[in-house]
Amino acid sequence: MITQAAAVRTKVLQRQGAAVALVLVVAVSWLVFPRFGSLDNLRDLALQGSFLAVIALGMTFVIITGGIDLSVGSLYALGGVLAAWGSQYGFLVALALPLLVCGAIGLVNGLLIARTNMAPFIVTLASLLFARGLLLAITDEGATTYQIAPDSAFVELGRGTVFGFGYPIFIAAVLCVLGGLVLNRTTFGQNVFATGGAEQSAILLGVPVAKTKIRVYTVSGTLAGLAGALTAAYLQSGVTVIGVGTELDAIAVVVIGGTLLTGGMGTVVGTVIGVGLIKVIQNVINQIGTLDSNYQSVVSGVFLLVVVVLQRTLRR
Amino acid sequence: MTLPATKTDTKTATRTAARTRWLQDNGVYVAVVALLLFNAVFTSNFLTLGNFRTQLVQAAPVLIVALGMALVIGTEGVDLSVGAVMALAAAIIPLYLGAGPLLAILMALVAGLTAGAFNGFLVAKVGIQPIVATLALLVGGRGLALVIADGQLVQLHDPAFLALGTDDLLGLPISVLIAALLAIAIAGLTNRTTFGRQLVAIGDNRKAATLAGLPVNRVLVGVYTLCGVLAAISGVLATSRLGASDPADMGLLMELSAITAVVVGGTPLTGGKVRVLGTVFGVILMQLVRATLIKHNLPDSIAQMIQAAIIVAAVYVARERR
Amino acid sequence: MPTETSAGPVIEVAGVTKTFAGVRALDDVDFALKRGEIHALVGENGAGKSTLIKVLTGIHTPDGGRVTRNGQISTIYQEVNLVPLMSVAANLFLGREPRTRFGLIDRTRRDADAAELLRGYGITADVTSPLGTLAVGEQQMVALARAVEADADVVIMDEPTSSLEPREVETLLEVVRKLHQEGITIIYVSHRMDELYRICDTVTVLRDGRNVHSGPLEELPRIELVSLMLGRSVGEIEKHGTTAFGEDHHADTRPVLEARGLTSTPRINGVDVSIRPGEVVGLAGLLGSGRTETAKAIIGALPLDHGTVFVAGKPVPRNVKAATRAGISMLAEDRKTEGIIPNLSVRENIVLAALPRLSRFGVISRSKQDRIVDTFVKRLRIKVSSPEQKVAELSGGNQQKVLLARWLCTEPRILLLDEPTRGIDVGAKAEVQALIDELAREGLAVLLISSELDELLDGADRLVVLRDGEVAGELEGAQLTREHVLKAIAAEVMDDAASHQNRHQNSHQNSR
């Protein structure tokens, strides 16, 4: 009975903890900073969050299988550069190229992890390095920044708005809804949970564990590439220096959102809330002005720590 | 007819296994020698004292971190926070340098010790997976360092402190000498002390080690603490060589370099084995690879991709077959 | 009603042999499972039950012999093989979820179906909560329901009640009967005599990889069943019995170890054990009777609800380190996972527990080490090419001696030996047994756990018999006979055959 009570407590804290924190932070910010609630600021907040949300969506799947993907930061940057370079050949190339290349690197991650039993973190650390190298190779060692013609359709993808809200926000929202459906309402989603929850049991239950792993890393790579493409469209260029440490932000928001880093449990909604929480805090820190932006990573680290320790102690 | 076939299969399998094991054990030495020979023939100005000096000075901070990492990996753990700890050490130096270099160094080491002990506490007492426990400090540690330093790069002017990174002792750069001494000390610790043998036993079979009455928690906390202190030492030396406290860049991706060196050196990620000499050669190998690529005017991009390939290959060879 | 019993066997195994790394796990085993029966599969540890199950389900391919299957088999392991973090309903229907018109999983229907289905198994828990929040018994029931839902014809249940509360056991047996009525064939692996006789029709006894008996359970008295499991003919025992040491020189000494009221529900309940210096106390009982748990409780490796361990009259804190310091050492049953440190050398494995005493300021003295290792390698006759050989390369018997040496060099006063001769060859076995005698003669208090009754009768001065986690009797001197032990284990009075038959039949009628 004790374990049951603990489980319920865990559930509430994990499901609602981040949401409660988000509501509190938003409420306080609204009251303290008059500029926080302005429509402009909220639009900007949502737009900033949408890129991270797309990456974190893929990470959610990976982490639920009990894995980790450290390559997404590099893939994010690579995706942007590829999109910017590809934009000279039209909209389709600009969009497809980053998805295909980053998806392929994700696929290789998945194959290495699923077929050779190498640790996910070391495999994806290597591809972090590889993707960064590839990025440097196609930008003359980072010296060239490809520009996207301001009048191209691709730029519209990043800068177009509906009621002032940027397209990336809607793209991220649609993807997250789709992701939630896939996770909870399809066989693949159930396999993701089973793989991370108890791998050996999952195999005995007939779950295609290896195939599931290969797929989640491919999805994660593809989504990171897409986030890069959207960012490039928004910035109208393939910035080479972005994405350093983005994998850590993505992991942090996923875990803060209540997804177990040990796998087997997690929600897309939680991840979106995690993104919201981190972005709001970042926004507030920027508004305070006297605090520099480095506080943001400290806060992320502390949040991460609190969540992980809570997850661990409540599970006992 | 099946019997002889099976026999041959078994024989081939044993031979392959033996070859794999030999490669796991000696691959790094062979690779270093091969690379040295290659450079001796094809690279001009490679076999010069000055060049070796440069290579060693560049490798020293990585080696010091890798030594701690080897111990942690020996317990079937990993420490992702070493780069962040180096940044913390770098950020702390200018705060206390006014009171003399000794105090500044001491405070930096205390920071490393605290960070390491914290990691160890999370792993041993709270029971969090090492990769997760140290991730929090990786995310937050550098930010904290930047907050401490106010996001600034600070030029350092204390001559005694700077001497640490630039001067020689007994004809060797001080940082190289320190790294060598630490390598010897860690080798002694691993092979000749109770702590070292307990550490390896815990990494090899934790359940059996617990039942044998070994102080598992104490050893784990000790290992992570030591790793934190070594990372701080590395941060101090690198800062002194740079002549500036630069928490934004100090030790960036160091966790990757250190893990790579350890794994390339033949210490398996599955724990139960610490190869100190292998780790030293792992660091040297990665340094030589980088140097070779640079000397042959291969761009950084290619260098990074080749390093990625080496990491995957090394882990692939070193992985335990299930 | 199961009317198709007349049809051929669902599974038939003929002359099956399976060898692992030179050890024969199954030796020419015949086994036939009739449609609709509940078939008890019994045997001690290492008798070959799990191997047989894996051969039946096709996980292992036998080296020789024939396996014929005429139905869908599903296995329910003791450790429930489901996903604890997923919801009960998700586990139940994983891979077979009901769909909506759009091909998505219909969660509403899935949950409703699950709740409905589980009600039939007496489970009313919230099907949307994680499976892990259910009690073990309920989890097992979910696994059972899943197997039946997947149209299994044969369900293999491996020690299903070993971690259940009595009330949960009743529910489980009820469900097993219901499945039986629905015509499902069941292989029931258990050591609980009561359960076996209540629900099973047929029994197969495995020992040392051989099928030593197959037949209707009704016709087999409990005591004979236990005797079949524990092995060897009566004649052989009598011959051995005479060699047991007759001297009883410990009666006047005070016990060095006293364990009182050790309780860790549901595994052990109020176990008392005391051992005097120089005495070998045997812990007898079937697998799952709480033998290993008692030893683990004494060394402090099992969390206890109640109970205290005293060494020389002083209570010992409940952790391994304190117990070790007090002079208790335990040779664990599972050498591979709880004993050897495979990548370390023989030398390092031997000195592991004694390291602090062999070092000054944490630096190990190599010469002291070598001296100790040398002494023990000679004394225990450990066959190694050199002390630097990896312990993983040694034979089982030599690994066991290395572990024994590890504990002996900590100079313990009390030695707990859990199945010390399991899985080692005959020669090494005799050597280890002789060694145990020798150690006791030198004044060590020894607790000996063994599945082999002969080994206990042979080696122990006194026997504590456990049954279902409780002490069922203590035997000493003239009582140290096979008969007495079997009686205590089987929990029945031998000469009261009539009452036995009676109870037996009653229970069987209940099961129908």
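**Transmembrane spans, an interface and an enclosed helix**

In chain A of this predicted model, the unreviewed UniProt entry places the feature "transmembrane region" at residues 12–33, 45–68, 89–112, 118–139, 160–183, 214–236, 248–281 and 293–310. Two of these annotated spans can be followed in the coordinates. Residues 118–139 of chain A are 86% helix and 0% strand, with end C-alpha atoms 31 Å apart, while residues 214–236 of chain A are 96% helix and 0% strand, with end C-alpha atoms 33 Å apart.

Turning to the interface between chains B and C, 24 residues of chain C are in contact with 20 residues of chain B. On the side of chain C that touches chain B, the elements that give two or more residues are helix 10 (320–325), helix 11 (335–338) and strand 17 (363–364) of chain C, and the largest share, three residues, comes from helix 10 of chain C. Sorted by class, this side of chain C has 14 nonpolar, six polar and four charged residues.

Chain C also holds a helix whose surroundings repay a closer look, namely helix 7, which covers residues 222–230. Because seven of its nine residues are buried, helix 7 of chain C is largely enclosed by the rest of the structure. The buried residues of this helix are Arg222(C), Ile223(C), Leu225(C), Val226(C), Ser227(C), Met229(C) and Leu230(C). As for what surrounds them, the buried residues of helix 7 pack against two strands of chain C, strand 3 (38–42) and strand 8 (202–207), and also against helix 6 (193–199), helix 16 (453–459) and helix 17 (482–490) of chain C.

Terms used
Residues numbered from 1 in each chain as written. Chains lettered and ligands numbered in written order. Predicted model: local features only at pLDDT ≥ 70, side-chain atom pairs only at ≥ 80, totals over all residues. UniProt positions renumbered as here; feature names shortened; annotations may be inferred. Helix = DSSP H or I, 4+ residues; strand = E, 2+ residues; numbered from the N terminus. Contact = placed C-beta atoms within 7 Å. Nonpolar A, V, L, I, M, F, W, Y, C, P; charged D, E, K, R; others polar. Buried ≥ 20, exposed ≤ 12 C-beta atoms within 10 Å, placed from the backbone.
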